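Open the model in your viewer and keep the selection box handy. We'll hop from one stop to the next.

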Amino acid sequence: LKLRGNLYFRTDLSSPWGIYVAAESNIARFHVVISGQCWLKIGEDAEAFLLSEGDLAIVPHGNSHYLTDAPQTPSRPLEDVLKEQKFTGEGTLLYGGGGSTTGLVCGFFSFDDDVVHPLIKTLPRKIHVKGSETLNFIWLDAVMKFIGSEATANDLGSRAITERLSEILFIQVIRAYSIVA
């Protein structure tokens, strides 16, 4: 399985806010909550679930999904938000109505277009690792904190470090998932 991790951005989202992320093939998206909380809903018919500080969510099959401050908050397409905020990919994406804030580190793992790995095919629609449960996976807590720290620092080499850490994060989460499943 050839895997490449990429960091979309770090966010500071203030309520009310809602973002719709369109579906894309051959990728798995991830979201790490570094402060606050948010709701994630995968697809149109799914029920939203809460992500709290320290939580990690992976959307393994590139499904469309919604990230919001509350389940009923309307969402805008990510592309529209990026254009409106004139986000260039550098620094922190700031968006929302000025209320309570949520900090996320968002990224994706891309796979070769011509290879459909059997492991990836067997993964569920979502993998949710609660920060409160990472005591069982001390490495996960350390990696998520390191990713959050590097994404916030925006120092020389931070992007490269977060991309490599995200690859390790995916491999470790899949390893842990396969043991539990």
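Does G62 count as buried or exposed? Select G62: at 2% relative accessibility, G62 counts as buried. Buried here means under 20% relative accessible area, exposed means over 50%, and partly exposed is in between, with a 1.4 Å probe and protein chains only.

A word on the ground rules. You're looking at a predicted model, where local features need pLDDT of at least 70, side-chain atom pairs count only at pLDDT 80 or more, and totals for chains, interfaces and linings use all residues. Residues are numbered from 1 along each chain as its sequence is written, and side-chain values use heavy atoms, with hydrogens and water left out.

**Stop 1: around G62**

G62 belongs to the loop between strand 6 (56-59) and strand 7. Strands (E, at least two residues) and helices (H or I, at least four) are DSSP runs, numbered from the N terminus. Now add F108 to the selection: its C-alpha is 8.8 Å from that of G62, with the two positions 46 residues apart in sequence terms.

**Stop 2: the open sheet**

Next, show the strands as a cartoon and find the open sheet of 5 strands, ordered 5-4-7-2-8 with mixed pairing. Pairing takes at least two DSSP bridges between two strands. Strand 5 and strand 8 (76-77) are the edges, each pairing on one side only.

Zoom in on the strand 5 edge. Strand 4 (residues 37-42) pairs with strand 5 in the antiparallel sense, over 4 bridges. Follow the rungs: Q37 has S52 as its bridge partner, and L40 stands opposite F49. The two strands make a hairpin with 6 residues between them, and G43 in the turn has a positive phi of about 80 degrees.

Which residues of strand 5 are on its covered face? Those are F49 and L51, while L50 and S52 are on the uncovered one. Stay on F49 and bring up K126: the charged end of K126 sits over the ring, 4.0 Å from its centre. For that label, NZ of Lys or CZ of Arg must be within 6 Å of the ring centre and within 35 degrees of the ring normal.

**Stop 3: two tyrosines and a lysine**

Select Y20 and Y66. A search of the whole structure finds 2 aromatic pairs. Y20 and Y66 form a tilted aromatic pair, at 4.9 Å centre to centre and 50 degrees between the planes. Since Y20 is in strand 2 and Y66 in strand 7 (residues 65-68), the pair ties together parts that are 46 residues apart in sequence. Rings of Phe, Tyr and Trp (its six-membered ring) pair if their centres lie within 6.5 Å; planes under 30 degrees apart are stacked, over 60 edge-to-face, and the rest tilted.

Try a surface view here. Y20 has 23% relative accessibility, so it counts as partly exposed, whereas Y66 is at 16% and counts as buried. Then add K41, which lies over the face of Y66, at 5.1 Å from the ring centre.

**Stop 4: the cavity**

Hide the surface and look inside. How many cavities of 30 Å³ or more are there? The count comes to 1, with about 70 Å³ of space in it. Of its 12 lining residues, the closest to the centre are F9, I19, L67, L78 and C106. Strand 1 (3-14), strand 2 (18-21) and strand 10 (101-111) each give two or more residues to the lining, and strand 1 has the largest share, with 4.

Colour the lining by class and you get 10 nonpolar, 2 polar and no charged residues. (Ala, Val, Leu, Ile, Met, Phe, Trp, Tyr, Cys and Pro count as nonpolar, Asp, Glu, Lys and Arg as charged, and the others, Gly among them, as polar.) A cavity is a set of points on a 1 Å grid over the protein atoms alone where a 1.4 Å probe fits but cannot get out, and lining residues have an atom within 4 Å of a point. Points are joined across faces, edges and corners, and the volume is the space filled by probe spheres set on them.

**Stop 5: backbone oddities**

Most residues other than glycine have a negative phi, and most peptide bonds are trans. Select S15 and P16: a cis peptide bond joins them, with omega about -5 degrees. P16 is in the loop between strand 1 and strand 2.

Finish with K86, in the loop between helix 1 (78-84) and strand 9. K86 is not a glycine, yet its phi is positive, at about 55 degrees. At 69% relative accessibility, K86 counts as exposed.

Terms used. On a 1 Å grid over the protein atoms alone, a cavity is a set of points where a 1.4 Å probe fits but cannot get out, and a pocket is an open set with protein on both sides within 12 Å along at least five of seven lines; lining residues have an atom within 4 Å of a point.
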